[in-house]
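Me: Hey, got a minute to go through this structure with me? I'd like to start with the charged pairs.

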Amino acid sequence: MMLPDKFNEECAVFAVYGHAEAANLTYLGLYAQQHRGQESSGIVSSNGVRHHAEIGMGLVSDIYTEEKIMRLDGHAAIGHNRYSTHGDSLYKNAQPMAIEYSRGPLALAHNGNLVNADLIRSSLEQEGSIFRSTMDSEVIIHLIAKSRKSRFQDRVVEALQKVEGAYCLALMGANELVIARDPHGFRPMALGRLGDAYVFASETCAFDLIDAEFIREVEPGEVIVVNEEGMFSSYPFQPAPKRHCIFEFIYFSRPDSNIFGYSVHRIRKLLGQQLAREAPVDADFVIPVPDSGVVAAMGYAEESGIPYEQGIIRNHYVGRTFIEPAQSIRHFGVKIKLNPIKKLIEGKRVVVVDDSIVRGTTSKKIVKMIHNAGAKEVHMRISSPPTTHSCYYGIDTPSRTDLIASTYALEDIRKYLGADTLAYLSIGSMLSCLAERREDFCTACFNGEYLIPVKTMESQLALLDAVKIPE
Ligand code: AMP
């Protein structure tokens, strides 16, 4: 069995218990979190006895209709937006996964990525299990179904004790919600209240849209049960060092969300300010790459005193270029999405700020576009360190060899991009923005320090005994 060099994807999760408009709220919660996944979306509701599912490919606004929302009856619901960039862009991989097993209905929505899913899966397959998707998350369903424990939450905990990696999960039984976050807390998950109802979301921007009150984060290693009796919290796993994903701040989360105890906007601004201190340059304007570089560019402009200008205009009706799988489309995608203001840029020295460089394709196109618009100098500034390693904890990154900074030195990348100067933020400067909590963050994509090592086949096999299902 080959281990894939790249695993899955970022996602959005939403859940609600105890509200007559559960499906509608979930729809809105997914709408607010569309940026976390545009490939598929699904809602599963529960009326306390049975589940109803509405799942489709595409954007939230395209999938759901009033009739579908009406059909999603009940006082509880979970929802999911999926983001995928690779070949497995399939309906069968859309979530929530909804099944019927010996104990009734079960639905699961997962944000993150399990690093030992392959091994558990092959072990289960050898025992006769049949998988219907290629998703890592499906192993959790099988493990729950196989558990002999009588309470739903105990079956979930038993299953999660066998998996390793990053997960924020919303699980729904017939009349119960179980929310779980992995002990390292890789991905964000928030708890809120709306009247008597409990709500959960990957990002707090979902609560703002539905006027829910943000209560606190679901803690790393916490399992929360919500049912007719109320909400119950427990910490059934071995405590582990925190490893929040720093890339959520750099790129992935919305600036109006609060995650890992910080405002995303605030951290992104600090990253830009830090970049200006670390990599100053004389220029006429600071221009962001919209939208990913906007907040960091503001920070850069504020700190450097160089005027901020919205020098590139984005067509908001085009999907993210990154989700197009074919290289040819991706090249085209930058042009269709971004256009510089020639009259502003002509004859000027510009600092262009973006959050990250992955393959280098986007930055190359942007630099060329700005040169073509008549810029005298183009100084590329990146508000994160060079991305040198793939993420195995839930952020979609290509395999290492496709990450330009894994192979090329700074000067080579600068030449490839065609920029007059190029600077990234250093790891130390990036971490300084998190002050005394810098130890709590995962920086594996920048330095290869994987806290949970990506298992070699041998070490995965050694784990086999640990994942065997009790007879
Ligand atoms: P590339 O052309 O491959 O270098 O892509 C760089 C662009 O993709 C930057 O503008 C980033 O904002 C954006 N980006 C970085 N990481 C991701 C990701 N995981 N998913 C989607 N877009 C990303």
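Me: First up, is Arg50 buried or exposed?

Reply: Arg50 is partly exposed because its relative accessibility is 40%; buried means under 20% relative accessible area, exposed over 50%, and partly exposed in between, with a 1.4 Å probe and protein chains only. Keep in mind that this is a predicted model, where local features need pLDDT of at least 70 and side-chain atom pairs count only at pLDDT 80 or more, while totals for chains, interfaces and linings use all residues. Residues are numbered from 1 along each chain as its sequence is written, and side-chain values use heavy atoms, leaving out hydrogens and water.

Me: Which side chain does Arg50 meet in a salt bridge?

Reply: That would be Asp73, at 3.3 Å from N to O. A salt bridge here is a side-chain nitrogen of Lys or Arg within 4 Å of a carboxyl oxygen of Asp or Glu. Asp73 is partly exposed, at 25% relative accessible area.

Me: How many salt bridges does the structure hold?

Reply: There are 18. One of them joins Arg187 and Glu248, with the closest N and O atoms 2.8 Å apart. Arg187 sits in the loop between β8 (177–181) and β9 (190–194), and Glu248 in helix α8, 61 residues apart. Helices (H or I, at least four residues) and strands (E, at least two) are DSSP runs, numbered from the N terminus.

Me: Are Arg187 and Glu248 buried or exposed?

Reply: Arg187 counts as buried at 1% relative accessibility, and Glu248 counts as buried at 0%.

Me: Switching to the ligand: which residues come nearest?

Reply: Of the 17 residues around the ligand, the nearest are Asp354, Asp355, Arg359, Gly360 and Thr362; near means a heavy atom within 4 Å.

Me: What about Asp355 and the oxygen side of the ligand?

Reply: An N or O atom in the Asp355 side chain is 2.4 Å from a ligand oxygen atom. On the backbone, an N or O atom of Thr361 is 3.3 Å from an oxygen atom of the ligand.

Me: Which elements give two or more residues to the shell?

Reply: Those are α8 (247–252) and α13 (361–372).

Me: Last one: where is Gln33?

Reply: Gln33 is in the loop between α1 (22–32) and β2 (40–46), and Gln33 is buried, with a relative accessible area of 0%. A polar atom of the Gln33 side chain is 3.3 Å from the backbone nitrogen of Ser202.

Notes
Polar contact = N/O pair within 3.5 Å; in protein donor to acceptor, adjacent residues only side chain to side chain.
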